[in-house]
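Trainee: Could you take me through how the labels for this model follow from its values?
Mentor: Gladly; here is the structure, and we will begin with a definition.
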Amino acid sequence: MRPTGKLHLGHLVGALQNWVALQEPYDCFYFVADWHALTTDYAETSPLTQYAYDNAIDWIAAGLDPERSTFFVQSMVPEHAELYLLLAMTTPVSWLERVPTYKEQQDALADKDLSSIGFLSYPLLQTSDVAIYDGNFVPVGDDQVAHLELAREVVRRFNRFYGNVLVEPQPLLTKMSRLPGLDGGKKMSKSLGNTILLSEDAESVKRKVRSMYTDPKRIRPDVPGTVEGNPVFLYHDVFNPDAAEVDDLKARYRAGKVGDVEVKDKLAKALNAALEPMRERRQELASRPE
Ligand code: AMP
């Protein structure tokens, strides 16, 4: 995970919960990808260290166990750069140029100059990150599948020259690979300003949930509403373990028999119940950063 900001609910359901579960069947390596953060945030590096701490605290608070899995900071293992350099010798530039996220991200982050070699080749650095540990699997969302495809091609080409040295990694697809934002937008993301942070306090969670988009056609509580595609109900499905309550809210919403405030406050309650144990662990960890 790149230390580019505080973690939000998208990170929790799209990555962390899955990472926690993987600790049981696999020997896992989780790292603060600070060199990857530089591929886009090279101009302003001062918040990196604090974000690295924040991220690691959130990982542990979410249930990752540094006694069981290996945690590390990428830049403290310089061999990542060394293997990346060697892989760069055998990898054609055109392979990197045709990775779909290359142009997409350049367009999405138009305020940054991403014409650097570092940004073009970050999937190569990812290949090194995985290959260096003989990684068999990488837990990713669907947006990262193209990068792993590239990683396998890079490994195959390297192995053709030097023998069977590196392992070809496979994706381990994450179920919930895209949590929409509070605004109903495609993805919860810091740059879109539609997040709830894992470190947010209970009041702020409630306030943000109150501001969430719902069915825009529903102007009064007695108007029947649409549940499908409604971000508030999507969040209920993901975060509210009380299925009977969710079914009841959906039925009353469809019938025009419940107000948005009740639906949202029950969601805020479920979210806060999920975040509360993490808040306690975070506070305890933050008090002794060493
Ligand atoms: P990022 O902060 O974008 O570098 O993402 C770090 C990890 O969190 C990646 O595995 C992403 O796929 C995942 N992630 C980030 N935002 C979301 C989201 N809204 N929904 C699901 N997963 C996400």
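Mentor: Angles under 35 degrees count as roughly parallel, over 145 as roughly antiparallel, 65 to 115 as roughly perpendicular and the rest as oblique. This is a predicted model, in which local features need pLDDT of at least 70 and side-chain atom pairs count only at pLDDT 80 or more, while totals for chains, interfaces and linings use all residues. Residues are numbered from 1 along each chain as its sequence is written, and side-chain values use heavy atoms, with hydrogens and water left out.

Trainee: Why are H2 and H8 called roughly antiparallel?
Mentor: Helix H2 (residues 34–41) and helix H8 (residues 122–131) pack at about 175°, and angles over 145 degrees count as roughly antiparallel, so H2 and H8 are roughly antiparallel to each other.

Trainee: What makes H1 oblique to H3?
Mentor: The axes of helix H1 (residues 9–22) and helix H3 (residues 48–62) cross at roughly 60° and come within 9 Å. That angle makes H1 oblique to H3, and their crossing is right-handed (the near helix is turned clockwise from the far one by less than a right angle).

Trainee: Which residues of H1 and H3 meet?
Mentor: With contact meaning heavy atoms within 4.5 Å, Leu12, Leu16, Trp19 and Val20 in H1 meet Asp58, Trp59 and Ala62 in H3.

Trainee: How do you know that His11 has a polar contact with the ligand?
Mentor: A polar contact is a pair of N or O atoms within 3.5 Å, and an N or O atom in the side chain of His11 is 2.8 Å from an oxygen atom of the ligand.

Technical notes. Axes are lines fitted to C-alpha atoms, for helices over the stretch in contact, and angles run from 0 to 180 degrees between N-to-C directions. Helices (H or I, at least four residues) and strands (E, at least two) are DSSP runs, numbered from the N terminus. A polar contact is a pair of N or O atoms within 3.5 Å; within protein, one must be able to donate a hydrogen and the other to accept it, and residues adjacent in sequence count only if both atoms are side-chain atoms.
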